[in-house]
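Biologist: Could you take me through this structure? I would like to begin with one helix and then turn to charges and cores.

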Amino acid sequence: MDLDVFVSAHRAEWDRLEALLRRQRRLSGAEADELVTLYQRTATHLSLIQSSAPDPQLTGRLTHLVARARSAVTGTRRASWRDVTHFLTHGFPAAVYRSRHWWVPAALLSTALAAVIGWWIATHPEVQASIAAPSELRELTRPGGQYETYYSSHPAASFAAQVWTNNAQAAAMCLVLGAFLCFPVIWILFQNMLNLGVGIGLMSSAGRLDTFLGLVLPHGLLELTAVFVAAGTGLRLGWTVIDPGPRTRRTALAEEGRAALGMAIGLALVLFVSGAIEGFVTPSGLPTWARITIGIAAELAFLAYVYVLGARAVRAGETGDLDRTDRSASAPTAA
């Protein structure tokens, strides 16, 4: 594209659009129609310039112009409780459902890795000795030891808040760092599975694996699922950098990044539930079967939420991205 020729050919349209936007009086019907037409043309011009001949100064001017025109055409819209309801019933479950081909394999592989690490530690005393001294291992795994008292070491409310904060940070790191070609996400997953595997291995070697699982499963099922969803979304975002498909890399990252931002908000709510379970149910005096039942019920409720509401929303065209009217205008891309 010859940028000078392009600017010369369309500058009059941009100037006319700017003049219409500066009008203090109410536009006539013909002027309003002209404004809409010029807005659509300028949005297409902006997209073409960004993809073919990016020029910072011209791009900045047209971006500002398109934003003003879109505001004039569509009007300003404030978020409402209807938006919150739509996000919870359509946007978030659809985004989780669409990324299932990433987070489900991540969950299966990660769980298998934790199991292998646990088996390796449980069956190799020399590995246990490299983790801590025998007296420290006994203090960790004995009845009433650190693995058990950890969940009741602080008041339930403050413990739940601390757990929620830590898990939300881990999920956010998976989402944000996914854009760096997936590697940080894989490392975060490995660290989580390593910690879980060490607990499984040490408690299993002490003959108390059932106690450990009784403490971990009530909150761990939902908590780890949220982490796996965040990791899968981060991996998908990282893969978008490598292979954006028919979209431009900038457009693909914008779309997937907006969906990931919504995912972060939704997962914060999921982790709030798992944190509440960890703070109030896990250390409670309920029988082990009752605590595990609560954890399984929470996990099944989340999976049904994703696979029923999410699948239905995706079939209706929901992607988890912003509503079409709230996105920046762009020219269509060829398939």
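Modeller: Certainly; please keep in mind that this is a predicted model. Let us begin with helix 13, whose buried residues are Ala-290, Arg-291, Gly-295, Ala-298, Glu-299, Phe-302, Val-306, Gly-310, Ala-311 and Ala-313.

Biologist: Which helices do the buried residues of helix 13 pack against?

Modeller: Those residues pack against helix 4 (81-98), helix 5 (100-122), helix 11 (209-242) and helix 12 (249-281).

Biologist: What span should helix 13 have, and how far apart are its end C-alpha atoms?

Modeller: Helix 13 has 28 residues, from 288 to 315, and at 1.5 Å a residue it should span 40 Å. Its end C-alpha atoms are 40 Å apart, which agrees with that expectation.

Biologist: What follows helix 13?

Modeller: Gly-317 follows, and its phi is positive, near 100°.

Biologist: Let us change topic. How many salt bridges are there?

Modeller: The count comes to 7 salt bridges. One of them joins the side chains of Glu-13 and Arg-41, at 2.9 Å from N to O. This pair links distant parts of the chain, since Glu-13 is in helix 1 (residues 3-22) and Arg-41 is in helix 2 (residues 29-52), 28 residues apart.

Biologist: Is Glu-13 buried or exposed? And what about Arg-41?

Modeller: Glu-13 is buried, because its relative accessible area is 18% and the cut-off for buried is under 20%. Arg-41, at 41% relative accessibility, counts as partly exposed.

Biologist: Which residue does Glu-18 meet in a salt bridge?

Modeller: Glu-18 meets Arg-61, with 3.1 Å from N to O. This pair also links distant parts of the chain: Glu-18 is in helix 1 and Arg-61 is in helix 3 (residues 56-74), 43 residues apart. Glu-18 is partly exposed, with a relative accessible area of 22%, and Arg-61 is partly exposed at 30%.

Biologist: What about Arg-23?

Modeller: The side chain of Arg-23 forms a salt bridge with that of Glu-31, at 2.5 Å from N to O. Arg-23 is partly exposed, with a relative accessible area of 29%, whereas Glu-31 counts as buried at 11%. In addition, salt bridges that share partners join Asp-15, Glu-18 and Arg-61 into one network.

Biologist: Now for the nonpolar residues. Which of them form a patch on the surface?

Modeller: Trp-81, Val-84, Leu-88 and Leu-269 form a nonpolar patch there, with about 420 Å² of accessible area together. Helix 4 gives the most to this patch, with 3 residues. Leu-269 lies in helix 12 and is partly exposed, with a relative accessible area of 46%.

Biologist: And the interior? How many residues has the largest nonpolar core?

Modeller: The largest nonpolar core has 50 residues, and those with the most contacts inside it are Val-96, Met-263 and Phe-302. The elements that give two or more residues to this core are helix 4, helix 5, helix 9 (156-177), helix 10 (183-205), helix 11, helix 12 and helix 13. Helix 11 gives the most, with 11 residues.

Biologist: Which residues does Phe-302 touch?

Modeller: Leaving out residues up to four places away in sequence, Phe-302 touches Phe-92, Val-96, Leu-222, Thr-225, Val-229 and Val-270. There is also a second, separate core of 17 residues, which includes Leu-17, Tyr-39, Ala-43 and Ile-49.

Biologist: What is the general background to such cores?

Modeller: In soluble globular proteins, nonpolar side chains tend to be buried together.

Definitions and conventions:
Residues are numbered from 1 along each chain as its sequence is written. This is a predicted model: local features need pLDDT of at least 70, side-chain atom pairs count only at pLDDT 80 or more; totals for chains, interfaces and linings use all residues. Side-chain values use heavy atoms; hydrogens and water are left out. Helices (H or I, at least four residues) and strands (E, at least two) are DSSP runs, numbered from the N terminus. The expected span of a helix is 1.5 Å times one less than its number of residues. Buried means under 20% relative accessible area, exposed over 50%, partly exposed in between (1.4 Å probe, protein chains only). Contact means heavy atoms within 4.5 Å. A salt bridge is a side-chain nitrogen of Lys or Arg within 4 Å of a carboxyl oxygen of Asp or Glu. Patches are made of residues with over 30% relative accessible area and no salt bridge: like charges are joined within 9 Å, nonpolar side chains (Val, Leu, Ile, Met, Phe, Trp, Tyr) within 5 Å. Accessible areas come from the Shrake-Rupley method with a 1.4 Å probe; for residues, only the protein chains shown count as cover. A nonpolar core is a set of buried Ala, Val, Leu, Ile, Met, Phe, Trp, Tyr and Cys residues joined through side-chain atoms within 4.5 Å.
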